[in-house]
Structures are given as structure tokens and as C-alpha cells.
Amino acid sequence: MQRKDHIIVVGNGPFARNATESLEKRGLEVTRILPTAPAQGSDIPKDFIIGDGADSETLLKVQADAARAIIALTEDDSENAFIILAAREVNEKIKTVVAVSDAHHLNKIKRVHPDVVLALPVIGAELLAMALSGEEIKTDALLEQLLKLD
């Protein structure tokens, strides 16, 4: 299969599945890298391979050298960091997005220089604190916390 200007999503958790669905609803081509074969009866992605998203060979199989972006959405922060490093090895210009499961790992993840860091534990904590303290929920502040671009 020839792929070009597609988005690669690595991971098989709920966030990876939901992100894939949201991207495809917007007409974007998505290729998934799954660590194991999907279980029978589960939703099977349209375009996927079984492999290690942190392995250059696997990334070349999904044509990461011609991809628009790679999104590291495994539940293991260190694995996500290695996925970003491998993606940059294959394609220096690929846009990289990484999710962080543990806020304590945020500074370490930033050392691999992803384009976007999705700091979900931080945004969840901020939303909870705002809601329970009666603060006005400010979308700009939440977006800044979520993306952690600095």
C-alpha cells in the first residue's frame, strides 16, 4: 500500500482509538501501529500493521518518511519518547505529537523535542480544580496546559 501525507498513530488504548476515529471523521488518512493483533470482535482499524512504533524498520513499513505526522499514544511515556526519536531518525520533518501519562515525566519528554505534548493529566487536574473551586474555566489557559508547547 502506498501512503503519503498520512498520519501515523501508535498505540492501542482508548486514546489512540478515539484519536484515530476523530482524525478519520475529518477525512484524514490514518495508519495505526499496534503492538499486537486486534482481538476478534473488536474494532479493526482500516489501515494498520503490527509492530514496534519505536523501531525504524516498522516506521519505514508505514512510510513514515512520507507521513505528515506521527502521534505517540501508548500508555508508556518512555515508549512514547522512543517513538518520537525513531520517527525523527526516519523523517526529520515529520510533525511529532506525544501524550504524557504521568505529569512527572513532562520535562523528560520535552527533551526529545516533540512538536506538541499532550499533557492530559495536567489538563484533567486543572479542569477538576477549576470546577470545584468555582473558578471561571478559561479555554486559553486550558489549551496552554494541554498542549505544553513551551
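The following paragraphs lead through a predicted model, beginning with its strands and moving on to its nonpolar cores, a buried polar residue and its salt bridges.

A convenient place to start is strand E4, which spans residues 69-72 and pairs with two other strands. Strand E1, covering residues 7-10, runs parallel to E4 and is joined to it by four bridges, with Ile7 having Ala69 as its bridge partner in E4. Strand E5, made up of residues 95-99, also pairs with E4 in the parallel sense, again over four bridges, and here Ile70 stands opposite Thr96. Together with helix H3, strands E4 and E5 make a right-handed β-α-β unit.

The side chains of E4 can then be followed in two directions, since Ala69 and Ile71 point one way from the strand while Ile70 and Ala72 point the other way, and all four are buried. In soluble globular proteins, nonpolar side chains tend to be buried together. In this model, the largest nonpolar core has 25 residues, and those with the most contacts inside it are Ile8, Ile33, Leu59 and Ile70. Strands E1 and E4, helix H3 (77-90) and helix H4 (106-110) each supply at least two residues of this core, and H3 gives the largest share, with six residues. Apart from this core lies another, of 13 residues, among them Ala16, Ala69, Ile71 and Val116. Ile70 of E4 thus appears in the largest core, whereas Ala69 and Ile71, which point the other way from the strand, appear in the core of 13 residues.

Leu59 gives a closer view of the largest core. When its neighbours within four places in sequence are left aside, Leu59 is in contact with Ile33, Gly53, Ala64, Ile70, Ile83, Ala86, Ala87 and Val90.

Helix H3 also carries a polar residue, Asn80, which counts as buried because its relative accessible area is 0%. The side chain of Asn80 is joined to that of Thr74 by a polar contact of 2.7 Å, and, beyond its neighbours within four places in sequence, Asn80 is in contact with Ala72, Leu73, Thr74, Val98 and Ala99.

The structure holds four salt bridges, and three of them are described here. In the pair formed by Asp47 and Arg3, the closest N and O atoms are 2.7 Å apart; Asp47 lies in the loop between strand E2 (30-34) and strand E3 (48-50), and Arg3 in the segment before E1, so that distant parts of the chain, 44 residues apart, are linked. Both partners are buried, Asp47 with a relative accessible area of 13% and Arg3 with one of 11%.

A second pair, Asp5 and Arg68, has its closest N and O atoms 3.1 Å apart, and links the segment before E1 with the loop between helix H2 (56-61) and E4, the two residues being 63 residues apart. Here Asp5 counts as partly exposed at 42% relative accessibility, and Arg68 likewise at 38%.

In a further pair, Asp115 and Arg88, the closest N and O atoms are 3.0 Å apart. Asp115 lies in the loop between H4 and strand E6 (116-118) and Arg88 in helix H3, so this salt bridge ties together parts that are 27 residues apart in sequence. Asp115 is partly exposed, with a relative accessible area of 33%, and Arg88 is partly exposed as well, with a value of 21%.

How values were computed
Residues numbered from 1 in each chain as written. Predicted model: local features only at pLDDT ≥ 70, side-chain atom pairs only at ≥ 80, totals over all residues. Heavy atoms only, no water. Core = buried A, V, L, I, M, F, W, Y, C linked by side-chain atoms within 4.5 Å. Buried < 20%, exposed > 50% of the residue type's maximum accessible area, 1.4 Å probe, protein only. Contact = heavy atoms within 4.5 Å. Polar contact = N/O pair within 3.5 Å; in protein donor to acceptor, adjacent residues only side chain to side chain. Pairing = 2+ DSSP bridges. Right-handed = clockwise from strand over helix to strand, strands pointing away. Salt bridge = Lys/Arg side-chain N within 4 Å of Asp/Glu carboxyl O.
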